[in-house]
Structures are given as C-alpha cells and as structure tokens.
Amino acid sequence: MLDCLDLHKRFGEVEAVRGVSFKIAEGETYGLLGPNGAGKTTTISMVCGLLEPDSGEVFVAGKRLTSHSVAEKAAIGYVPQELAIYPDLSARENLQFFARLYGLAPDVAHARVDEVLGVVGLADRASEQTKSYSGGMQRRLNIGIGLLHRPALLILDEPTVGVDPQSRNAILESVERLSGEGMAVLYTTHYMEEAERLCDRIGIVDLGELKAEGTRAELVSLVGEHDRVALEGVGNLQAAADACQALEPVRAASVQDGAIELIVDHARSVLPELLATTNDAGVAVSSVDVHEPDLEAVFLHLTGKALRD
Amino acid sequence: MRAALLIAGKDLRQRLRDRSALLIAVVVPLVLASIFGLIFHSAITGRVTFTFGVVDQDHGPAAQAFVADALGPLERAGLVKLHQESTLAAGRHAADTNQVAATFVVPVGFSAAIGRGQPARLRVLGSVDSTIGTQVAQSVAQSYADRIDTVRVATAAARPGTINRAQAAALAPIVVADVSTKNRQLDAGTFYGAGMAVFFLFFTVQFGISTLFNERQDGTLQRLLAAPIRRSAILTGKLITSLVLGFASMAVLAVATSFLLSAHWGNALGVAILILAGVLAATAVMTLVATFAHTSDQAQSWQAMVALVFGMLGGTFFPVAQAGGLLAALSLATPQAWFLRGLDNLTGGVGASAVFGPVAAMLAFAVVTGSLAFMRIGRLVAR
C-alpha cells in the first residue's frame, strides 16, 4: 500500500530525514517510533505530499505521489499531530466540508458524516461549534475527518499527544478496529506502549534515520535476551555507570534522569555484583528496578539514549 | 473549480458567523457615512448661512458699494445674513460672543482714501469659534479689495489721478458662482456613502486571502494541502471569498445609503461595473500586501496601513484632489480616487459609459498588482 524509498529532506543546515525507506502492506499497522525531533513528522509530510523530498520517492497503491499529486492523495487519510479543525464550525459542518472536499457526493457525504460522528462518539453534540468541545472531543473529531472517505492508507501523526487517558484509550481502540477492517495504518508516536499495542511492525527513528524495523519480537531480539536494570542513588552516577560497563554481563551503561541505566544478561543473577560495583564507586543505591527487554531497551541499544530524551 | 467553491462557501459561512466581518463590511461604513454626512451636509451642499456684522464708520460711496454690491448679492442668495452694528465696540462684541461669524469694519475715511488713490483699510473681526466663517469673510473682503485695485489700475492707465465716486459706485457686483450639487459634484450623502463604502471595501476583502494565515495557524491548511485538490483551488477559493464579500458589501451599502442618506449613486449598470472594478482592484492590492506577510497579525496590520493611506489619499474622507498639485496627482495613484471619480461621472443622469475611464484605471490597478501578487502568492500555500 505504501512504499517509501530512500527519502531525504534537509532544512538549511539540518538534515531532518536521511534515507528513510519502509513499506506498509494492506491491512498492516506500521509504527514510526522515535523521540521528538527524530524526523517522524517530516517523513509523514513527505508521505502525504505536503513536502517534496530532496530525493527519494513515495508510492501509494503503486502510484508515485508528489506534492503536486491530486488523485493519488485520495487514497490517504491524514490526521495531523496538531488539531486541524475549524473551531467556529460544528463537528457536522467540519466533516461535511472535508467529505465534499474529498469528492464524496452530497448524499453519500451526508450518510458518511453521520456514520463517522457515531464512530468518534460525537453524534449527540454534532451541531455545536467545536470550540466548545473538550480537548479529547476535538482530538476525536480530528481523527474522524481522516476517516471520512474510507482511505486505503490512514496516517496518524502522534494522535494521542495531550489527550486524557480515557480519550487516549478510545483513540487506540479506534485504530485497532480500523486496522482490523483492513486499513493500512502509519502511526507515529514517541510512546513505546502505544507502538507495542497497535503496530504489526515498528520502525525506530532517530536523528532522521531509520535505525531498525521489524516486529516487536524482531526488534527485541536485536538487544538479545537482555534485561534492563535501573539503579537510583546518590553519588557519582557516571563513574558508577562506567565501572558497571566494565563488568562482563553488562552490555550497555548510561546515566538517565538521575539513574544508572544498564542493559545486562540475567539481571537477577548479576544484580549483587552491580550493587557492589556501584557501592565501590561511591554511589549509595536507594532503589532498584528490573525490566524485561522492551522497545525502550531496543531504542537505548540502537541510539545510546532513552526514548523519552 | 468545485473545490474552490467549496472552500469559498465554507469561508463565507465562517465570515457570516463571525460578526466582525459584517461590522466592517456594512455597519461601520454606514454609521461613519451617516455621521460624516450629517456633519458636512451643509458645507458641501452650499446650504450654510453665515451671519456677518457690518460697522460702517465711513458712510461714503465705497462703503455703500461694499455693502450693496459685495455683500448684497450674497445676502440675496441666502448665503449670508447681515447685521448692521452701530459701533466698532458693538461689532467686536458680536464677533467675540459668536453672535456673528465675523464683523466687517469700514473705517472713517475709507471712501476718501480710495478716491485719492491712497491705501485704504477694510477690517474683518473674526470669531474664534467660527474659523470657516471668518475665512469666508476675509475672502469676500479680499475680493472687494481686488476689484478696487483693478479699477484703480484701469483709471490710472486712462487718466493718472484719482478714482471718482461714480467709478467707485460702478464696481461690478460680486458674482456668486453656482455651487449646486446637482451638476457634477457628489452631494454629502453620496460622497460619504460611496467614500466609506470604498474605504472599508479594502478592509472587507482582507477576509478572503488573509484567512490563509488563520488556516495555517489552526492547522487546517495542512489538511487542505493533503486533500486531493490543487493548491491553486485553495487560493482561488480565498479570492472568490474576497470578491463575494467585497461586492456584497458595496451593493448593500449602495442600497442602504440610497435609502438612509438619500445618496444618488447614479445609473445602476454603471454603478455595478464600477463596483466590480473596485472590488477587483481592492482584492488584487490586498492580496499583494498579504504575500509579503508571515503572520495573520502582520498581514492585517500592513493591509490596514495600506487601506488607510490609500483611503485618505484617494479622497474617501475629504476630496483631497481639490487641493490640486502633487496631492491631486498622488490621489490618482489609488483605486479609491478612480472609484469616486467614476461615481462623479455618473451624476446628472448620464449612462454607464461615463465610468469606462475610471473602470479602465481600476482594472489596470487590478492587473498590475494582481500580476505581482500572482508571482508571490505560492508562498502562502507552501507548508
């Protein structure tokens, strides 16, 4: 459904996207996981035809898409990161306008608007101006607009940013349902748990590069059967991290947010040695946290930094 | 075009919902036109009457000629009322207390001095509260003095010496020019109705193209750009919005001022052509200004400045072209001036062809500024 080939985009001195390539099959949900500023939105902008790549190509349903494409864009439903609705129009008027803009005939548009209002749970307040809506309601409408024309490819750019937990869950359920209906979904997020829950495959992006991609299991295998240990304490954390790094079972060590983050083999067995080493380095450990391997660890392994940075 | 019309329809719905567009397009210009019309109605239509005092301390033939031949015709035309004051003190008091706009004082020996060809003095005591009346009085006195000088020169050329009584008395009466508004000048209701309409037209058309900045701010521009429509459709939709709002605003104001201010816009077809050309010119100028801005606030500020300067220069508040010289020439560099000139041409019951010249000028504005805007407008829909 979507084929991105070696996309590059530079803004002045900053190379925002450096040779990103990935594919999404029909009915597949693909996640672009990376911290803010990783290049996710720039990549999506090129996929939607909002930005022209400096080099590389985008194919949607087998047809090349550029910023000047018209018909090809009809296959895409786009949900931007920021709210993109008219606050002085009602939900129904917003949906009606975009439905007609995407070429739906008036009677079809009318029926489809009613349907989408039900999907996003706004049917009972459809006639109110959207500026009176809560943030969560506005977010749901924002997504609803992207679904109107039943796109073959739905692109959601961090749709849950700034959303309350209840609305967030509703959004995630909607995406799961759409994916189940056979829609290809490109989903960007910097929330690991969202990527793990929704995506069939995940691409890890940092500094404009696709560091790795695959299923969750494939990505986790990149860091092996390693555990993650976080040690909080007082003292020279960096020195302690360096000391731990020298231990044989330790694969990686760094200091993040006042804690020593360690990638290790068999955390439970090595934990006493880790505590002794940090103690020898002058750090008084106040808490210990052990995690099974997850995408956070993968990201740390691939980029040397935590996803939340 | 379908997408452009959809966008224009959406924009117009938003603008109608947003009362500020209605205020700027119709209410404010109508209110201002009414206020200006009331203030300047008398002055522009020539219906004003100034009251002048006269203190004749001379009682000679030249003094009598001044009252009879210089002031008399003005009084008979209803333009002035005369009060004879017995003394200089009474005349000064009348002016000081604003009972009269000004007092003419013909001093003792005035006629004798003129008869001998010596300098004579005719005084005007003006009221500080009636500057226009004082200026009128000074003009009347100056006019009389100029005629005296003319006779002196003629007499001196014929027979060096003095001017006699008969000659002084035979000075030609001052002729009052016909300042009727029915000929070529717009009456106050029409002038301010049309002036305010075309002045605010330049603000009204902002609600089209400048909303691209709001679309960008609200994030909806991205959505429009991602939709299966051409970028030119977005721009066309915005321009249609400007044109519809501009034309509707002018049409409503033309009708409203006709009923409320008794404005005489003239031949309906001519007015329609004039309005269409004016709206095109305003939209093109404001679009060009918008292409230099980066934010909505910046666009609105710059457009307001241009609208204000063009409006003032174009004579929408005062007929600046009548000042002549550079100001009159600069005035022609504004579509507003051509619009008012076109309306001026329509007075007196002439046909629509009378507006062809001003319409051509406004279309030239539209073509030149529109072409420049076209070259720059792409940046407004760039992501």
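**Exercise 1. At what angle do the axes of α2(A) and α1(B) cross, and within what distance do they come?** Work out how the two helices are oriented and what their contact is made of.

*Solution.* A quick reminder before we start: this is a predicted model.

- Step 1: start with the geometry. The axes of α2(A) and α1(B) cross at roughly 165° and come within 9 Å.
- Step 2: turn the angle into a word. Angles over 145 degrees count as roughly antiparallel, so α2(A) and α1(B) are roughly antiparallel to each other.
- Step 3: get the hand. α2(A) passes α1(B) in a left-handed crossing.
- Step 4: list who touches. On the α2(A) side you have A:E93, A:F97, A:R100 and A:L101, and α1(B) brings B:R2, B:A3, B:L6, B:I7, B:K10, B:R13 and B:R17.
- Step 5: sort by class. This contact of α2(A) with α1(B) holds six charged and five nonpolar residues, with no polar ones.

**Exercise 2. Stay with α2(A), but now pair it with α3(A).** Describe the crossing and the residues behind it.

*Solution.*

- Step 1: place the helices. In chain A, α2 covers residues 91-101 and α3 covers residues 106-119; their axes come within 9 Å and cross at roughly 135°.
- Step 2: name the orientation. With that angle, α2(A) and α3(A) are therefore oblique to each other.
- Step 3: the hand of the α2(A) and α3(A) crossing is right-handed.
- Step 4: find the partners. From α2(A) come A:A91, A:R92, A:L95, A:Q96, A:A99 and A:R100, while α3(A) supplies A:P106, A:A109, A:H110, A:V113, A:D114, A:V116 and A:L117.
- Step 5: the class split for α2(A) with α3(A) is eight nonpolar, three charged and two polar.

**Exercise 3. Which residues of α8(A) and α9(A) meet?** Give the packing angle too.

*Solution.*

- Step 1: helix α8 (residues 237-245) and helix α9 (residues 267-280) of chain A have axes 8 Å apart and pack at about 135°.
- Step 2: that angle makes α8(A) oblique to α9(A), and their crossing is right-handed.
- Step 3: the meeting residues are A:A240, A:A243 and A:C244 from α8(A), against A:L274, A:T277 and A:T278 from α9(A).
- Step 4: count classes. You get four nonpolar and two polar residues in the α8(A) and α9(A) contact, and no charged ones.

**Exercise 4. What is the volume of the second largest pocket?** Then say what lines it.

*Solution.*

- Step 1: the second largest pocket comes out at about 340 Å³.
- Step 2: it has 21 lining residues, and those closest to its centre are B:R15, B:F207, B:T211, B:N214 and B:Q300.
- Step 3: α1 (2-17), α2 (19-45), α9 (206-209) and α10 (211-218) of chain B each give two or more residues to this lining.
- Step 4: the lining of the second largest pocket splits into eight charged, eight polar and five nonpolar residues.

Technical notes: Residues are numbered from 1 along each chain as its sequence is written. Chains are lettered from A and ligands numbered from 1 in the order in which they are written. This is a predicted model: local features need pLDDT of at least 70, side-chain atom pairs count only at pLDDT 80 or more; totals for chains, interfaces and linings use all residues. Side-chain values use heavy atoms; hydrogens and water are left out. Axes are lines fitted to C-alpha atoms, for helices over the stretch in contact, and angles run from 0 to 180 degrees between N-to-C directions. Helices (H or I, at least four residues) and strands (E, at least two) are DSSP runs, numbered from the N terminus. Angles under 35 degrees count as roughly parallel, over 145 as roughly antiparallel, 65 to 115 as roughly perpendicular and the rest as oblique. A crossing is left-handed if the near helix is turned anticlockwise from the far one by less than a right angle, and right-handed if clockwise. Contact means heavy atoms within 4.5 Å. Ala, Val, Leu, Ile, Met, Phe, Trp, Tyr, Cys and Pro count as nonpolar, Asp, Glu, Lys and Arg as charged, and the others, Gly among them, as polar. On a 1 Å grid over the protein atoms alone, a cavity is a set of points where a 1.4 Å probe fits but cannot get out, and a pocket is an open set with protein on both sides within 12 Å along at least five of seven lines; lining residues have an atom within 4 Å of a point. Grid points are joined across faces, edges and corners, and a volume is the space filled by probe spheres set on the points.
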